[in-house]
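Trainee: Could you walk me through reading a model like this one? I'd like the general idea each time, then the case in front of us.

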Amino acid sequence: MNCKSVLLYARLSNEYYARDISTKRKIVNKLKGNSGVPLSTPPYGYVKNPDDPRFWVIDPEAAEIVRCIYQMALDGYGLVETADALEEDGICNPTYYWRSKGTNRGGFKSTVEPTKWGHTTIKKILTIQEYCGDVINFKTFSKSYKVKKRIETPEENRAVFLNVHEAIIDRPTWEKVQNLKKGTRRKRPTVTQEPSVFSGVLKCPECGGNLNFHFNQGNHDIKFFSCQNHNSGLRKCSKTHYIREEFLEQVVLYEVNRLTSFANEYEDDFLRAIMGQSAKVADNDRARKQRELDGLLARDRELDVLFEKIYEDNVNQKISDARFAKMSQRYEQEQGENAKRIKALRLELKKREGQRMDVDTFLETVRRYTNATEITRRMVAELIDHIDVYHAEKKDDVTIQHITIYYNCIGAFSVPDRRNIPAT
C-alpha cells in the first residue's frame with residue numbers, strides 16, 4: 001500500500017469516525033431532549049442544580065434583575081431606556097456577572113464596561129420562555145457535523161415541557177410582555193416621540209387588525225387611533241374605526257373605576273362573578289380551539305383518501321403524470337400547513353389544561369387601582385387584554401360609539417348596577 005493510499009484510508013477512517021460520533025450524539029441528545037432534560041446552558045437568572053446538574057435552580061441575585069427588567073417593560077420602558085437605567089444603577093451585565101461568579105460561558109468575550117448593557121441583551125431576556133419554568137429543546141439544528149452554523153428550528157417542531165423548574169416570571173406577566181412587544185410599532189410618532197399607553201391594545205372587531213396611533217397634522221395635540229387595514233392597499237376593512245385618545249382615556253378610566261368600586265363594595269359577588277367569567281372564557285376558548293383541531297384532523301384524513309384516489313387514477317391512466325404531480329403537490333402542501341397548525345393547537349390545549357386563574361391575584365391587582373385618576377401603561381398591561389373599538393355611528397345628530405374592554409383572565413365583564421357604583 002503506497003503513501004497516498006494510506007493517507008486516503010486514514011482520511012476516510014477519520015471521516016467515518018466523526019460521522020459516527022455525530023450520529024450517536026444526536027441520538028443521545030434526542031433521547032434527553034424528548035425526556036424534558038434541558039439541552040442548553042441555564043440562561044441569566046438560573047444556575048445548574050448542585051444536586052442534579054441536568055436541571056436548573058434560580059440564582060436569586062440575577063433573578064431579581066430579570067424581574068426588574070420585566071417590570072420595567074410593563075411600566076412602558078423601552079429597550080434602550082431599560083439598558084441605560086441598569087447601567088446607571090451599576091448592575092453588571094450577564095457576561096461580567098458570570099465571569100465574577102467563575103462561570104465559564106463560551107462564545108464571544110465582551111470587552112465593554114462591566115455595567116454596560118446592550119438593548120439586544122434586554123430584548124433577548126424579554127423573550128426567554130424558560131423564565132416561566134419551562135424547558136424548550138431543539139431550538140436550533142445543524143445540517144451537518146461539518147457545518148458549525150446553527151439554524152433556527154420552527155416553533156412547531158420544538159419540544160416544550162411546561163413547569164419543569166421554578167419560575168422567575170409568572171406566566172401571565174410573561175405573556176403580557178410578549179403581547180406588548182407585538183403591539184409596539186417600530187417607528188414612533190415623529191413629533192411627540194411618545195407612544196400611547198393603548199398602542200397594541202386596540203383591535204378592530206370587523207377585520208381583527210390593530211388600530212394604529214396617529215396625530216393630526218394640523219394640530220399635534222389631537223391624537224387618535226384608526227384601523228390599520230382601512231387605508232391599506234388591500235382595503236380589508238370598510239370603516240376607519242376612528243377614536244380620539246383623549247376620549248378613550250376618559251371611558252377606560254371610568255370603567256376601571258366602576259370595576260374597582262364593585263370589587264371593593266361587593267367582594268364576594270365580585271369573586272363569584274370573575275370566577276364564573278374566567279371559567280366561561282377558558283371554556284369558550286378551549287371549545288373553539290378543539291373545534292378547529294377536529295376540523296383539521298378530519299381534513300387531514302380526507303386528504304389521505306384523496307391522495308390515494310388520485311394515485312390509483314394515475315396508475316390506471318385516468319389522469320396524466322403531470323396532473324397527478326400537480327394535485328399531489330397541492331395536497332402535500334396543504335397537509336404540511338395543517339400539520340403545523342395541528343401541533344400548535346395541541347400545544348395550546350395542553351397549556352390550557354395546566355392553567356388556572358389566580359382569583360386572589362387578580363382581585364389584588366384590581367384593588368391597586370382604586371380611585372385611579374389617570375391611565376398608565378402599567379395599569380393597561382396588568383388589567384386589560386385588548387379593547388374592541390367599533391366604528392362611530394351618527395343617529396339624530398348624536399354620535400354613538402361602542403367599545404368593549406376585555407380584561408385579563410375574565411374577558412369582557414359587565415359591572416352590575418349597584419349603589420355606590422358610578423352609572424354606565
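Mentor: Let's start with the cut-off for a salt bridge: a side-chain nitrogen of Lys or Arg has to lie within 4 Å of a carboxyl oxygen of Asp or Glu. Keep in mind as we go that this is a predicted model.

Trainee: What is the idea behind that pairing?

Mentor: Side chains of opposite charge can pair when their charged atoms come close. Here, Asp 75 and Arg 378 make such a bridge, with 3.8 Å between the closest N and O atoms. This pair ties together distant parts of the chain: Asp 75 sits in the loop between α2 (60-74) and α3, while Arg 378 belongs to helix α11 (residues 377-383), 303 residues apart.

Trainee: How exposed are Asp 75 and Arg 378?

Mentor: Asp 75 is partly exposed, at 31% relative accessible area. Arg 378 is partly exposed too, with 30%.

Trainee: How many salt bridges does the structure hold?

Mentor: There are 15 salt bridges. One of them joins Arg 54 to Asp 52, where the closest N and O atoms are 3.1 Å apart. Arg 54 has 46% relative accessibility and counts as partly exposed; Asp 52, with 24%, is also partly exposed.

Trainee: And what about a bridge inside a helix, say between Arg 299 and Glu 302?

Mentor: Their side chains meet at 3.1 Å, N to O. Both residues lie in helix α8, three residues apart, which is about one turn of the helix. For Arg 299 the relative accessible area is 25%, so that residue is partly exposed. Glu 302 is partly exposed as well, at 41%.

Trainee: Which residues are joined into one network by salt bridges that share partners?

Mentor: Asp 75, Arg 368, Arg 378 and Glu 382. You've already met Asp 75 and Arg 378 as a pair.

Trainee: Where do charges of one sign gather on the surface?

Mentor: Look at Glu 81, Asp 84, Glu 88 and Asp 89, which form a surface patch of negative charge. Within that patch, Glu 88 is placed in helix α3 (residues 79-88).

Trainee: Why does Glu 88 count as exposed?

Mentor: Because its relative accessibility is 70%, and exposed means over 50%.

Trainee: On to sheets, then. In what ways can strands pair?

Mentor: The strands of a sheet pair through backbone hydrogen bonds, either parallel or antiparallel. Take the open sheet of four strands here, ordered β7-β11-β14-β15, where the pairing is mixed. Its edge strands are β7 (202-203) and β15 (411-412), each pairing on one side only.

Trainee: How do β11 and β14 pair?

Mentor: Strand β11 (residues 384-389) is antiparallel to β14, with five bridges between them. If you want a spot to check on screen, Val 389 stands opposite Ile 403 of β14.

Trainee: And how many bridges join β14 to β15?

Mentor: Two, with strand β14 (residues 403-407) and β15 running antiparallel. Tyr 406 has Ala 412 in β15 as its bridge partner. The hairpin of β14 and β15 has three residues between the strands, and in this hairpin Cys 409 takes a positive phi near 75 degrees.

Trainee: Which other sheet could I practise on?

Mentor: Try the open one of three strands, in the order β8-β9-β10, with antiparallel pairing. β8 (211-215) and β10 (243-244) are at the edges with a single partner strand each, so one side of each has no neighbour in the sheet. Two bridges connect strand β9 (residues 223-227) with β10, and Phe 225 has Ile 243 in β10 as its bridge partner.

Trainee: Back to the backbone angles: where else do residues other than glycine have a positive phi?

Mentor: Asn 163 is one example, with phi near 55 degrees. You'll find Asn 163 in the loop between β6 (159-161) and α6 (171-183). Gln 317 is another, with phi near 60 degrees, in the loop between α8 (267-315) and α9 (321-353).

Trainee: Is Gln 317 buried or exposed?

Mentor: Gln 317 counts as exposed, since the relative accessibility there is 72%.

Key
Residues are numbered from 1 along each chain as its sequence is written. This is a predicted model: local features need pLDDT of at least 70, side-chain atom pairs count only at pLDDT 80 or more; totals for chains, interfaces and linings use all residues. Side-chain values use heavy atoms; hydrogens and water are left out. Patches are made of residues with over 30% relative accessible area and no salt bridge: like charges are joined within 9 Å, nonpolar side chains (Val, Leu, Ile, Met, Phe, Trp, Tyr) within 5 Å. Accessible areas come from the Shrake-Rupley method with a 1.4 Å probe; for residues, only the protein chains shown count as cover. Lys and Arg count as positive and Asp and Glu as negative; His and the chain ends are not counted. The place of a charge is taken as NZ of Lys, CZ of Arg, CG of Asp or CD of Glu. Buried means under 20% relative accessible area, exposed over 50%, partly exposed in between (1.4 Å probe, protein chains only). Two strands pair if DSSP finds at least two bridges between them.
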